[in-house]
Amino acid sequence: MEKNNDHVRFFTVEQTCDVMCLHFAIQSEYFPGMLADMVNELWSFLSDRKKRPSNALVLYPPPGVLSPNSFEKVLTAYGIICSNEPIHQQDPMARHAIEEDFIHEMNASHRLIKGIRYINDFVVAALSGKTVLSLFGPALACDLRVVSKDFVLINRMPYSKFTPWGALPWFLSRILGRAKAWALLAEEKDINAEQAIDLGLVDKIVSTEQLKGTSITLAQIGAMRPRAIKQAMIHVDAPLEQYLEIEKSLFLSSFEQRSTSFSEGGDPVL
């Protein structure tokens, strides 16, 4: 087991066998722009292949970092109270500044989601404790989600009247279908681990003690699968004509990789 503490500000990297484990640091407070800073740091790591020689990643948000309390701290940092009370009228300039800050943060979250979803590596999210449904989008972008038995999704969107972000409706509609996704988003209801796995939102439930070990094992298994399968699944929502062109490109790429592996003395992949 090898640790790399170059990223001590927001996360540390731990190499376990052939899996890179990213442990996110607990933040004592939230300040505007923090999410963008975290994503920039993570993006720097993900985009540098030399820093991640393995083919699998496990993301470990610490318990509570995605909880309702943390989400309220994010909003409070912008002077917004998370309640069903109407937001008081503000000076137009101040309101515009807040909107610009939020757009900056949302752009960062969108960049994170695209980075996770389109990376070649097999990515596993390991979650525990309370998680705000609004912040679950990046986890849904991962290839697999493993949660502990105390995992709970908290939906406060109907209460706060904030639009869901992080591509949450996009992911949910593809997992559940439009009608069920709409019902889930519109109903202020908590979803425990068992309910989440029944809905297809998570893939495996384990004890807190088994969370790390199981996540690493599943990441190792996922890394052995052909990368072309992941890339094909990413594009299944594209129009058929576009998908067929992508399929051709993916096949040629996998054919080239297979030929290279065989010429170097490796066994051909069947």
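Asp237 is partly exposed in this predicted model, with a relative accessible area of 41%. Asp237 forms a salt bridge with Arg174, and the closest N and O atoms of the two residues are 3.0 Å apart. Asp237 sits in the loop between α10 (227-234) and α11 (240-263), while Arg174 belongs to helix α6 (residues 168-176), so the pair ties together parts that are 63 residues apart in sequence. The partner, Arg174, is also partly exposed, because its relative accessible area is 42% and the partly exposed class runs from 20% to 50%.

## Salt bridges

Side chains of opposite charge can pair when their charged atoms come close. The count for this chain is four salt bridges. Three of them, including the pair already described, are set out below.

| Salt bridge | Closest N to O distance | Relative accessible areas |
|---|---|---|
| Asp237 and Arg174 | 3.0 Å | Asp237 41%, Arg174 42% |
| Asp203 and Arg145 | 3.7 Å | Asp203 38%, Arg145 7% |
| Glu245 and Lys248 | 3.6 Å | Glu245 48%, Lys248 46% |

The bridge between Asp203 and Arg145 has its closest N and O atoms 3.7 Å apart. This pair links distant parts of the chain: Asp203 lies in the loop between α8 (193-199) and β10 (204-206), Arg145 lies in strand β7 (residues 144-148), and the two are 58 residues apart. Asp203 counts as partly exposed at 38% relative accessibility, whereas Arg145, at 7%, is buried.

The bridge between Glu245 and Lys248 is found within helix α11, where the two residues are three residues apart, about one turn of the helix. Glu245 is partly exposed, with a relative accessible area of 48%, and Lys248 is partly exposed as well, at 46%.

## Aromatic pairs and cysteines

There are three aromatic pairs in the count for this chain. One of them joins Phe11 and Phe24 in a tilted arrangement, with 5.8 Å from centre to centre and 45° between the planes. Phe11 belongs to strand β2 (residues 11-16) and Phe24 to strand β3 (residues 19-24), so this pair ties together parts that are 13 residues apart in sequence. Both Phe11 and Phe24 are buried.

Another pair consists of Trp170 and Phe171, whose ring centres are 5.2 Å apart; because their planes stand at 90°, the pair is edge-to-face. Trp170 is partly exposed, with a relative accessible area of 33%, but Phe171 is buried, at 6%.

Among the cysteines, Cys21 is buried at 0% relative accessibility, and Cys142 is buried at 5%. The number of disulfides counted is zero.

## The nonpolar cores

The largest nonpolar core contains 44 residues, and those with the most contacts inside it are Leu22, Phe136, Phe151 and Leu172. Helix α1 (residues 34-46) supplies the largest share of this core, namely seven residues. A second, separate core has 14 residues, among them Val19, Val58, Ala126 and Leu144.

The surroundings of Phe151 can be described in detail. When residues up to four places away in sequence are not counted, Phe151 touches Leu127, Ser128, Gly129, Thr131, Phe136, Ile191, Asn192, Ala193, Ala196 and Val202.

## The setting of Ile113

Ile113 is part of helix α3 (residues 92-118). The residue is buried, since its relative accessible area is 7% and buried means under 20%. Apart from neighbours within four places in sequence, Ile113 is in contact with Gly137, Pro138, Ala141, Gly166, Ala167 and Phe171. Ile113 and Gly137 are 24 residues apart along the chain, and their C-alpha atoms are separated by 7.3 Å.

## The chain as a whole

The chain has 11 helices and 10 strands. It comprises 270 residues, of which 40% count as buried. How many of the contacts between residues at least 6 apart in sequence join residues at least 24 apart? The share is 66%. The chain exposes about 15,400 Å², and carbon and sulfur atoms supply 56% of that area.

Terms used
Residues are numbered from 1 along each chain as its sequence is written. This is a predicted model: local features need pLDDT of at least 70, side-chain atom pairs count only at pLDDT 80 or more; totals for chains, interfaces and linings use all residues. Side-chain values use heavy atoms; hydrogens and water are left out. A nonpolar core is a set of buried Ala, Val, Leu, Ile, Met, Phe, Trp, Tyr and Cys residues joined through side-chain atoms within 4.5 Å. Buried means under 20% relative accessible area, exposed over 50%, partly exposed in between (1.4 Å probe, protein chains only). Helices (H or I, at least four residues) and strands (E, at least two) are DSSP runs, numbered from the N terminus. Contact means heavy atoms within 4.5 Å. A disulfide is a pair of cysteine sulfur atoms within 2.5 Å. A salt bridge is a side-chain nitrogen of Lys or Arg within 4 Å of a carboxyl oxygen of Asp or Glu. Rings of Phe, Tyr and Trp (its six-membered ring) pair if their centres lie within 6.5 Å; planes under 30 degrees apart count as stacked, over 60 as edge-to-face and the rest as tilted. Accessible areas come from the Shrake-Rupley method with a 1.4 Å probe; for residues, only the protein chains shown count as cover.
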